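Visitor: Before we look, I would like to understand how each descriptive term is earned. Could you take me through the reasoning behind them?

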Amino acid sequence: MPRTALRVCPLCEATCGLTLTIEGTTVTGARGDRDDVFSRGFICPKGAAFGALDADPDRLRSPLVRRDGRLQEATWEEAFEAIAAAVPALVGEYGAQSVGVVLGNPNAHTMAGHLYPPLLLKALGTRNLFTASTLDQMPKHVSSGLLFGDPFAIAVPDLDRTDFLLLLGANPVESNGSLCTAPDFPGRLKALRARGGTLVVVDPRRTRTAKLADRHLAPRPGSDALLLAALAHTLLAEEKTALGALAELTEGIGELAEALGSFTPEAVAPACDLTAEEIRALARDLAAAPTAAVYGRIGSSTTAYGTLASWLVDVLNVLTGNLDRPGGALFPLSATDRAPRPAGPGKGFRLGRWHSRVSGHPEAKAELPMAALAEEIETPGEGRIRAVVSIAANPVLSAPDGRRLDEALAGLDFMVSVDPYLNETSRHAHVVLPPPPSSQSAHFDFSFNTFAIHNQVRYSPRAVPLEAGRMDECEIHARLVLAVSGMHGADPAAVDDLAIQATLARESADPRSPLHGQDPARLAGLLSGARGPERRLDLMLRLGPYGDRFGAESALPAATRPGSTEDTRRSTAAAPAPAADATTGRAAVPDGAPGPGLSLEELLARPHGIDLGPLRPRLPGLLKTRSGRIELLPDPIAAELPRLRAALADRPAALVLVGRRHLRSNNSWLHNVPALVGGSNRCTLQVHPDDAARLGLTDGAPARVSSDGGSLEVPVEVTDAVRTGVVSLPHGWGHDRAGTRLSVAAAAPGVNVNQLLDGTRLDPLSGTAVLNGFPVELTPIL
């Protein structure tokens with residue numbers, strides 16, 4: 001008989017709850033979980049294809065080890081022995097910096113990807129960390145770090161309560177949201193308009209999101225920072241700022257007004273290809289709205305001024321008094337966040353604590369630009385990267401100049417790839433460690449709950465038993481840590497035990513902690529969970545803002561703790577004790593009703609999740625700047641503004657390229673599922689009819705598009721969905737290299753848009769590759 005199991009979808013940032021139908025050990029269907037406390041039954045095509053992805057015959061089932069130049073199936077013991085023999089020896093001969101670690105986007109979607117990479121980096125001792133953040137979101141981390149002192153303090157729009165939403169470079173109807181975790185983003189946008197609110201979309205394409213808008217502005221790509229600067233200038237010049245409670249927490253207003261003095265709507269309008277009247281009207285409408293939120297994402301982030309654009313998004317939220325305000329932009333409080341501490345000055349945020357060896361790129365948030373990876377491998381000399389550990393990453397397709405990186409990876413002394421597929425990157429590995437399908441792994445959203453528009457918490461135990469011959473993903477990571485650190489053969493559970501001991505020892509020694517002075521060994525013995533990862537989750541939940549803290553009294557005054565105000569999570573203290581479930585023995589507590597102290601046991605008792613309440617103001621408690629205030633014009637930002645000012649006089653390129661997202665894909669890693677390929681999910685070059693006529697292009701015919709890194713041949717799609725002077729090519733394609741095992745993707749490979757870039761175009765503050773708004777040339781292929 002078929003059975004059902006609940007699961008949080010791991011395929012995008014929306015984190016929707018699924019109800020899986022399972023026959024034997026096979027997932028035969030997936031539908032939305034109508035009782036999920038967050039998604040309430042919403043599902044997208046990716047979630048519906050969960051079973052097809054799970055059962056993909058191209059997924060690797062056993063480790064691969066390179067022998068005589070060929071990757072061959074091996075046992076798990078052979079795979080880890082090969083790593084243990086190679087990596088410590090390389091580190092011993094060439095030093096810790098001879099190893100680079102590459103983390104891809106899917107790491108954020110797994111428990112293992114959150115829990116173990118920090119331990120791996122510590123074991124290796126390397127500073128050569130490259131992640132997908134410098135291809136996507138790093139500008140937001142940098143701007144948040146400079147403004148608030150914490151690169152993880154990222155405010156999200158309060159979608160369900162705002163009166164006015166300004167979206168820039170974001171297409172959440174198709175991406176499902178980014179740095180804004182919101183199931184059913186389309187439904188929430190429609191609800192905004194239905195309650196009388198206003199949606200304004202700024203995008204050079206008429207996306208599905210733009211079609212929902214009250215107003216759609218289509219500026220020249222790459223001009224987002226200029227437009228935002230002009231909006232801020234208008235608010236300041238016309239005295240339409242209204243900081244409210246933020247006034248006492250903010251410094252630098254006067255300096256900001258002076259720094260933005262030259263960014264008038266009239267000065268900015270030609271560069272944006274908008275009118276001064278449009279810009280000024282938008283600023284006034286933003287100021288006049290009862291509540292408002294400004295939200296910018298990858299289209300404004302992956303540009304030449306990505307950090308400035310990200311900074312100005314929050315500047316506008318501050319100037320209008322909408323930051324940290326219901327209906328504006330608020331800071332989520334995840335169940336595994338650190339419990340709030342009393343407000344006060346912090347250590348602040350610094351850039352450039354070290355630099356890359358070859359080009360001297362400054363680190364940002366302990367990461368180096370992904371665009372610099374190839375040169376760090378190729379360039380001889382002390383500190384050259386000779387080995388790479390790549391986890392759920394495919395930078396050959398996601399980073400600029402994949403051809404160069406492809407060749408560089410082929411020359412490594414050793415490479416380990418943790419990946420379920422033999423893809424364009426993992427094909428170079430000497431050892432491939434394949435994690436099991438998602439149904440065979442437990443799931444908790446450490447990352448995305450910190451961006452959620454509503455505080456909630458959900459946990460999914462594995463839905464299907466681990467198949468014979470497979471290894472749990474967390475155990476793979478733990479064994480990898482042991483292998484690279486010279487401890488191969490030790491019990492992998494020791495990795496989790498050491499992590500727990502270190503955390504409890506730190507808390508016990510901290511006078512501000514409610515666990516100060518307690519015995520770490522005794523506390524460790526109180527943790528629940530069947531395995532090390534669950535015990536670590538239990539620890540994080542207990543120490544978090546909603547946790548039971550092992551029964552200890554909080555060191556915080558009552559007014560600073562979650563649950564201290566009337567609009568906080570509902571108390572169940574007066575409710576009668578629930579009956580125990582006959583199967584699990586756990587209390588059958590109603591889903592969505594938070595108890596008096598969160599722990600893994602409580603979370604397991606509520607399979608549809610726990611509603612922790614709406615987002616609430618968190619300032620000044622989360623500020624970690626040296627001043628203890630919002631530093632509105634940090635020095636690194638002020639030093640960047642002259643470069644933006646110079647852009648006012650730039651002569652725009654005749655034709656620029658932007659990327660685009662598809663609802664049925666996620667970067668490069670869902671192109672091997674037949675149900676998600678085809679239809680609108682195609683690799684075509686969108687061109688406006690006027691540009692097509694001018695250049696002699698025909699719909700469906702091939703064209704050559706060229707830029708810094710080379711040229712590509714791609715089918716043309718003539719459409720007025722893009723504005724004139726702009727062409728659009730989707731990201732994540734180019735599955736045409738030999739040696740991969742992606743049969744579906746290889747049948748319709750598309751082209752790699754990032755091959756048009758040579759890696760020299762970077763946002764200097766964040767090291768993020770410029771993937772949008774770069775100049776191209778386009779010619780027909782006759």
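What follows is a conversation about helix packing, one loop residue and two sheets.

Guide: Please keep in mind throughout that this is a predicted model.

Visitor: Why are α6 and α15 called oblique to each other?

Guide: Helix α6 (residues 138-148) and helix α15 (residues 306-319) pack at an angle of about 50 degrees, with their axes 8 Å apart. Angles under 35 degrees would count as roughly parallel and those from 65 to 115 as roughly perpendicular, and the angle of about 50 degrees falls in neither range, so the two helices are oblique to each other. The crossing of α6 past α15 is right-handed.

Visitor: Which residues of α6 and α15 meet there?

Guide: On the α6 side they are Pro 139, Lys 140, Val 142, Ser 143, Ser 144, Leu 147 and Phe 148, and on the α15 side Gly 306, Thr 307, Ser 310, Trp 311, Val 313 and Asp 314. Sorted by class, this contact of α6 with α15 comprises 6 nonpolar, 5 polar and 2 charged residues.

Visitor: What makes α10 roughly parallel to α15?

Guide: Helix α10 (residues 224-237) packs with α15 at an angle of about 25 degrees, their axes being 9 Å apart. Since the cut-off for roughly parallel is an angle under 35 degrees, the value of about 25 degrees meets it, and α10 therefore counts as roughly parallel to α15. The crossing of α10 past α15 is left-handed.

Visitor: How many nonpolar, polar and charged residues does the contact of α10 with α15 have?

Guide: The contact has 14 nonpolar residues, no polar ones and 1 charged residue. Among those taking part are Asp 224, Leu 228 and Leu 235 in α10, which belong to the set meeting α15 residues that include Leu 308, Leu 312 and Leu 319.

Visitor: How do you know whether Phe 263 is buried or exposed?

Guide: Phe 263 lies in the loop between α11 (253-259) and α12 (265-272). Buried requires a relative accessible area under 20%, and Phe 263 has a relative accessibility of 0%, so this residue counts as buried. If neighbours within four places in sequence are set aside, the contacts of Phe 263 are Leu 226, Ala 229, Ala 230, His 233, Val 268, Leu 641, Leu 644, Arg 645 and Leu 648.

Visitor: Why are β5 and β7 said to stand at the edges of their sheet?

Guide: That open sheet has 7 strands in the order β5-β4-β17-β16-β15-β6-β7, with mixed pairing. Both β5 (70-73) and β7 (129-131) have a single partner strand, so each has one side left without a neighbour in the sheet. From one strand to the next, the twist averages 20 degrees.

Visitor: How do you know that β16 and β17 are paired?

Guide: Pairing requires at least two bridges, and 3 bridges join β16 (residues 414-418) to β17 (residues 431-433), the two strands running parallel. Ser 417, for instance, has Val 432 in β17 as its bridge partner. Helix α3 (residues 76-94) packs on this sheet, where it touches β4, β6, β15, β16 and β17, and its direction makes about 125 degrees with that of β17.

Visitor: What makes β25 and β26 a pair in the other sheet?

Guide: The other open sheet also has mixed pairing, and its 7 strands follow the order β30-β23-β27-β24-β26-β25-β31. With a requirement of at least two bridges, the 6 bridges between β25 (residues 702-707) and β26 (residues 710-718), which run antiparallel, satisfy the criterion for a pair. Ser 707 stands opposite Gly 710 in β26.

Conventions. Residues numbered from 1 in each chain as written. Predicted model: local features only at pLDDT ≥ 70, side-chain atom pairs only at ≥ 80, totals over all residues. Heavy atoms only, no water. Helix = DSSP H or I, 4+ residues; strand = E, 2+ residues; numbered from the N terminus. Axes fitted to C-alpha atoms, helices over the stretch in contact; angles between N-to-C directions. Contact = heavy atoms within 4.5 Å. Parallel < 35°, antiparallel > 145°, perpendicular 65-115°, else oblique. Left-handed = near helix turned anticlockwise from the far one by under 90°. Nonpolar A, V, L, I, M, F, W, Y, C, P; charged D, E, K, R; others polar. Buried < 20%, exposed > 50% of the residue type's maximum accessible area, 1.4 Å probe, protein only.
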